[in-house]
Amino acid sequence: MAMNTIRFSLVFLFLFSFTVHSLSALERRPVEPGKKAPDFTLKDANGKSHTLSDYEGKIIVLEWLNHECPFVVKHYASGNMQKLQETFKDKGVVWFSIISSAPGEQGYLTPEQAKSVTREKKAKPRAVLLDPEGKVGRAYQARVTPHMYIIDSSGFLSYIGAIDDKPSTNVEDVETARNYVSEALDLLLDGRSVNTTTTQPYGCTVKY
Amino acid sequence: MRNFSLLWIYILFAVSFCMPASAFSNSFMENSGPRYATVSLFPETPEIHSSDSSFLIGVHLNIKDGWHIYWKNPGDSGLATSIRWDDHPILTPKDILWPFPSRFDEEGVTTYGYSDSVTLLIPVEVDYSNSSVDSNPVLKAQIQWLACKDICVSESTEASIEIGLASDSPDYSISGKTKISNALEKIPASLSGIRASAKKENRLFKINLVPDKDFSHFSNKDEFYFYSSESGIIEHSVLQVVHVDNGIIDMEIQSSRYLNHEIRYLEGVLVGYSSKDDNTKHIAITLDIPVYND
């Protein structure tokens with residue numbers, strides 16, 4: 001009996017440490033352009049599950065989102081983010097907004113709140129994905145909001161970084177900014193490779 | 001009728017008394033201006049004369065406890081504090097002289113900035129040739145900053161300063177002069193007696209700083225940190241490996257994952273702290289290090 005308990009404990013400890021090691025390895029693995037995008041499954045604000053690999057064959061945008069961050073406010077108040085979402089949705093791009101704020105932290109939204117804010121902002125992503133434990137945010141090493149990731153139709157990361165080259169909270173800067181996301185998406189949709197594959201993202205820290 | 005009026009007064013009083021505090025605080029927030037930093041401007045001298053070619057203005061920000069604002073390179077997130085001056089016929093404010101920053105670490109994200117208070121110094125050029133002046137000139141500025149704690153709030157304010165012409169400046173005060181002197185001590189020094197070079201090997205900058213014989217500020221008891229002036233050049237959150245031997249510093253700093261072009265110079269500020277515990281600055285110098293790429 002005692003022997004069985006010891007055996008069970010050892011197996012449990014081994015499996016536990018293996019799981020912890022695998023998870024931390026996933027978080028440590030560099031997420032870079034040219035590498036396969038880490039797969040994940042998250043529920044959206046309507047409770048529907050989305051698995052990234054199910055969308056292979058499509059160009060995908062991941063936008064890290066916190067509606068209370070002044071940098072995000074700039075892109076939604078100007079209508080810039082909604083315009084990008086709508087323009088590229090019409091061209092077959094799948095756009096996911098991901099909220100990795102932990103409960104109690106700035107930007108956290110319950111599913112109902114996420115639905116309501118999305119309606120209020122007239123946002124047009126395919127879905128707002130909820131990541132309150134921050135697992136997907138950490139796996140992608142998302143640091144700020146907005147932090148933008150573009151995945152090509154084969155599932156490889158094509159662009160990681162800022163939405164544009166004007167790191168500010170001023171709405172009027174949107175007009176004159178060079179938009180890295182639309183630039184990269186246009187190239188991918190044209191069957192060409194992305195020139196600027198990575199830029200320093202700007203924004204508020206993700207509130208894990 | 002009288003009872004009816006009294007009833008209304010009672011209802012109004014009761015409703016206003018029971019109103020949620022947030023209703024009041026929201027309207028207060030909208031009208032109260034910046035909440036996380038206050039700004040004051042003061043000149044370096046009590047007056048300027050026609051022979052003066054430049055002077056300093058201090059832009060002092062008092063920052064709310066626990067909050068911070070940002071240096072010219074905010075690091076992994078945040079936003080540099082900015083000042084936009086209105087045009088003036090004889091006074092031309094130049095670029096900000098930035099005191100050396102502090103480091104803030106949060107969940108693998110490192111940012112550079114200031115807590116408690118900071119005085120940004122602005123050199124102002126004086127040129128009487130463009131215009132004659134018969135009253136004290138007034139400089140107006142729009143100051144914008146991002147204040148962060150567990151959340152970030154973008155704030156801005158307008159401020160102005162009146163400069164005295166050969167008579168005491170209305171905005172001059174002894175305490176302002178002290179703040180400017182204190183701020184000058186925090187401006188990194190430009191030293192010529194250091195031979196600096198860097199080599200980029202894969203994702204590492206290997207920096208070598210060799211001071212002149214009579215330079216004795218690099219002590220192996222100190223801790224050093226290199227603040228890059230630009231974002232996207234170094235990994236701010238990765239440990240910088242520093243060896244100090246016989247006054248010579250060797251540093252290894254990981255380049256940014258976002259750096260996808262060759263750089264010719266690594267610009268920044270090297271700060272030496274006299275001990276890890278009290279975090280006292282021992283030395284702060286600006287460096288413009290030529291980089292040899294492998």
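User: How many helices and strands does chain B have?

Analyst: Chain B has three helices and 17 strands. Keep in mind that this is a predicted model.

User: And what about chain A, how many of each there?

Analyst: Chain A has seven helices and nine strands.

User: What share of each chain is buried?

Analyst: In chain B, 41% of the 294 residues are buried. In chain A, buried residues make up 51% of the 208 residues.

User: What about surface, how much is accessible on each chain?

Analyst: The accessible surface of chain B is about 16,100 Å², and carbon and sulfur atoms hold 49% of that. Chain A comes to about 10,100 Å², with 55% belonging to carbon and sulfur atoms.

User: Take the contacts in each chain with a separation of 6 or more. What part comes from residues 24 or more positions apart?

Analyst: For chain A, residues 24 or more positions apart account for 73% of those contacts. For chain B the figure is 70%.

User: Let's look at one helix. Which residues of α3 in chain A are buried?

Analyst: Helix α3 of chain A covers residues 80–89, and its buried residues are Asn80(A), Met81(A), Gln82(A), Leu84(A), Gln85(A) and Phe88(A).

User: What covers them?

Analyst: The cover includes strands β3 (60–64), β4 (94–99) and β7 (148–151) of chain A. Helices α2 (70–77), α6 (173–176) and α7 (180–189) of chain A are also part of it.

User: New topic, the interface. How many residues are in contact between chain A and chain B?

Analyst: On chain A there are 23, and they are in contact with 24 residues of chain B.

User: How much area is buried between the two chains?

Analyst: About 1,900 Å², of which carbon and sulfur atoms give 46%.

User: Which three residues of chain A supply more of its share than any other three?

Analyst: Arg143(A), Gln200(A) and Thr205(A), which supply 35% of the area that chain A buries against chain B.

User: How many salt bridges are there between chain A and chain B?

Analyst: The count is three. One of them joins Arg138(A) to Glu107(B).

User: How far apart are the closest N and O atoms in that one?

Analyst: They are 2.9 Å apart.

User: And how many residue pairs are in polar contact between the chains?

Analyst: There are 12 such pairs, counting residues at pLDDT 80 or more.

User: Which elements of chain A give two or more residues to the side touching chain B?

Analyst: Those are α2 and β9 (204–205) of chain A.

User: How do the residues on that side divide by type?

Analyst: Eight are nonpolar, 11 are polar and four are charged.

Note on methods:
Residues are numbered from 1 along each chain as its sequence is written. Chains are lettered from A and ligands numbered from 1 in the order in which they are written. This is a predicted model: local features need pLDDT of at least 70, side-chain atom pairs count only at pLDDT 80 or more; totals for chains, interfaces and linings use all residues. Side-chain values use heavy atoms; hydrogens and water are left out. Buried means under 20% relative accessible area, exposed over 50%, partly exposed in between (1.4 Å probe, protein chains only). Helices (H or I, at least four residues) and strands (E, at least two) are DSSP runs, numbered from the N terminus. Contact means heavy atoms within 4.5 Å. Buried area is the accessible area (1.4 Å probe) that two parts lose on being put together, summed over both. A salt bridge is a side-chain nitrogen of Lys or Arg within 4 Å of a carboxyl oxygen of Asp or Glu. A polar contact is a pair of N or O atoms within 3.5 Å; within protein, one must be able to donate a hydrogen and the other to accept it, and residues adjacent in sequence count only if both atoms are side-chain atoms. Ala, Val, Leu, Ile, Met, Phe, Trp, Tyr, Cys and Pro count as nonpolar, Asp, Glu, Lys and Arg as charged, and the others, Gly among them, as polar. Accessible areas come from the Shrake-Rupley method with a 1.4 Å probe; for residues, only the protein chains shown count as cover.
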